[in-house]
Amino acid sequence: MLILGIDTSTKVGSVALFDDKKGVLAEVIINTKSNHSDTIMNAIDYILNLANCDVDDLNKVAVTVGPGSFTGIRIGIAIAKALVFKKNIKMTAMNTLDLLMYETAYKGKIFSMIDARKERVYYALYENMEKIGEYSDGELREILEMYKEDEILFTGDASYIYKEIIEEIMGNKAKFINKARVFPRAGILAERAINLEEVNAVIFEPYYHSKTQAEREKELKNK
């Protein structure tokens with residue numbers, strides 16, 4: 001089985017090809033100021049060429065659904081849907097916070113966090129690789145106060161963007177994943193996709209968790 005993984009949910013995008021017998025065949029991580037729409041398709045073509053494969057060889061495409069960048073998430077899902085509709089292949093999806101957690105392979109408590117700007121984060125808490133509670137978003141300082149007595153591994157871009165705040169509140173209870181691993185990786189996504197259920201690409205929607213600024217402003221005007 002040949003799986004294409006696509007992640008565009010944060011500023012660092014990635015694509016990967018995973019073979020269920022050979023493992024990762026090719027993976028590209030993109031950290032530029034360019035929009036994902038300008039880079040991801042070229043990256044997909046590049047890794048297919050590297051692996052001496054063709055789009056027709058794909059059996060499944062896996063994509064992250066958010067939370068994260070509103071624009072980035074839409075781009076990744078649109079590309080995945082285009083491949084599914086054109087080539088009639090299966091589509092699977094994973095929450096970005098779950099993907100970040102899987103990358104740690106850590107058995108204790110994990111805080112998976114994505115920056116939502118202005119000291120706000122999208123987050124989920126895990127223990128022994130299982131999610132505790134719901135996917136949430138909120139003010140980082142308020143969130144940390146609830147868990148400051150727990151020893152926790154922090155991952156995701158927010159873990160380094162707000163590292164000083166985390167250390168201020170958590171002290172030596174806070175552990176941090178290697179900085180090179182704080183962004184979602186399409187290679188891990190594609191590997192996990194082997195056991196993910198197929199989604200209906202026709203009705204599938206991104207997982208934003210919180211509303212866009214434009215939506216919030218519209219709601220305020222209508223009150």
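# A mixed sheet and its helices

Leu 125 has Ile 132 of strand E8 as its bridge partner. This is a predicted model. The report starts from that pairing and works outward.

## Strand E7 and its neighbours

Leu 125 sits on strand E7, which spans residues 120-127. E8 covers residues 130-139. E7 and E8 run antiparallel and are joined by seven bridges. They form a hairpin, with two residues between them. Asn 128 lies in that turn and has a positive phi of about 55 degrees.

E7 also pairs with strand E6, residues 109-115. This pairing is antiparallel too, and seven bridges hold the strands together. Several partners can be named. Lys 109 is matched with Glu 127 of E7. Ile 110 is matched with Tyr 126 of E7. Met 113 is matched with Tyr 123 of E7. E6 and E7 form a hairpin as well, with four residues between the strands. Here Arg 117 takes a positive phi near 75 degrees.

Why does E7 count as largely enclosed by the rest of the structure? Six of its eight residues are buried, so the rest of the structure largely encloses the strand. E6 is mostly covered, with five of its seven residues buried.

## The whole sheet

How many strands form the open sheet, and in what order? There are five, and they run E8-E7-E6-E9-E10. The pairing is mixed. The edges are E8 and strand E10, residues 174-176, and each of these pairs on one side only. On average, neighbouring strands are turned by 25 degrees against each other, direction ignored.

The parallel part can be seen at E6 and E9. These strands pair in the parallel sense over four bridges. Ile 110 takes part here too: its bridge partner in E9 is Leu 153. Thus Ile 110 has a partner in E9 and another in E7.

Helix H3, residues 96-104, lies across this sheet region. H3 lies over E6, E7, E8 and strand E9 (152-155). It runs at about 130 degrees to E6.

## Helix packing

The table lists helix pairs with their packing values.

| Helix pair | Angle between helices | Distance between axes |
|---|---|---|
| H1 (residues 36-50) and H2 (residues 70-87) | about 35 degrees | 10 Å |
| H4 (residues 140-147) and H6 (residues 163-170) | about 35 degrees | 10 Å |

Start with H1, which passes H2 in a right-handed crossing. On the H1 side, the contact uses His 36, Ser 37, Ile 40, Met 41 and Ile 44. On the H2 side, it uses Gly 72, Ile 75 and Ile 79. By type, the contact residues are five nonpolar, three polar and no charged.

H4 also passes H6 in a right-handed crossing. H4 contributes Leu 140, Arg 141, Leu 144, Glu 145 and Tyr 147 to the contact. H6 contributes Ile 165, Ile 166, Glu 168, Ile 169 and Met 170. This time the split is seven nonpolar, no polar and three charged.

One further residue of H1 is worth a look. Thr 39 lies in this helix. Is Thr 39 buried or exposed? Its relative accessibility is 15%, so Thr 39 counts as buried, the cut-off being under 20%. Leaving aside residues up to four places away in sequence, Thr 39 touches Ile 30, Thr 32 and Ser 34.

## Aromatic rings

Rings pair if their centres lie within 6.5 Å. By this rule there are five aromatic pairs. One of them is Phe 111 with Tyr 147, in an edge-to-face arrangement. The centres are 5.3 Å apart, with 80 degrees between the planes. Phe 111 belongs to strand E6 and Tyr 147 to helix H4, so the pair ties together parts that are 36 residues apart in sequence.

Phe 111 has 0% relative accessibility, so it counts as buried. Tyr 147 is also one of the H4 residues in the contact with H6.

Which residues do ring pairs link into a cluster? They are Phe 111, Tyr 123, Tyr 147, Phe 154, Tyr 160 and Phe 176. Tyr 123 of this cluster is also the bridge partner of Met 113.

Note on methods:
Residues numbered from 1 in each chain as written. Predicted model: local features only at pLDDT ≥ 70, side-chain atom pairs only at ≥ 80, totals over all residues. Heavy atoms only, no water. Axes fitted to C-alpha atoms, helices over the stretch in contact; angles between N-to-C directions. Left-handed = near helix turned anticlockwise from the far one by under 90°. Contact = heavy atoms within 4.5 Å. Nonpolar A, V, L, I, M, F, W, Y, C, P; charged D, E, K, R; others polar. Buried < 20%, exposed > 50% of the residue type's maximum accessible area, 1.4 Å probe, protein only. Pairing = 2+ DSSP bridges. Phe/Tyr/Trp six-rings, centres within 6.5 Å; stacked < 30°, edge-to-face > 60°.
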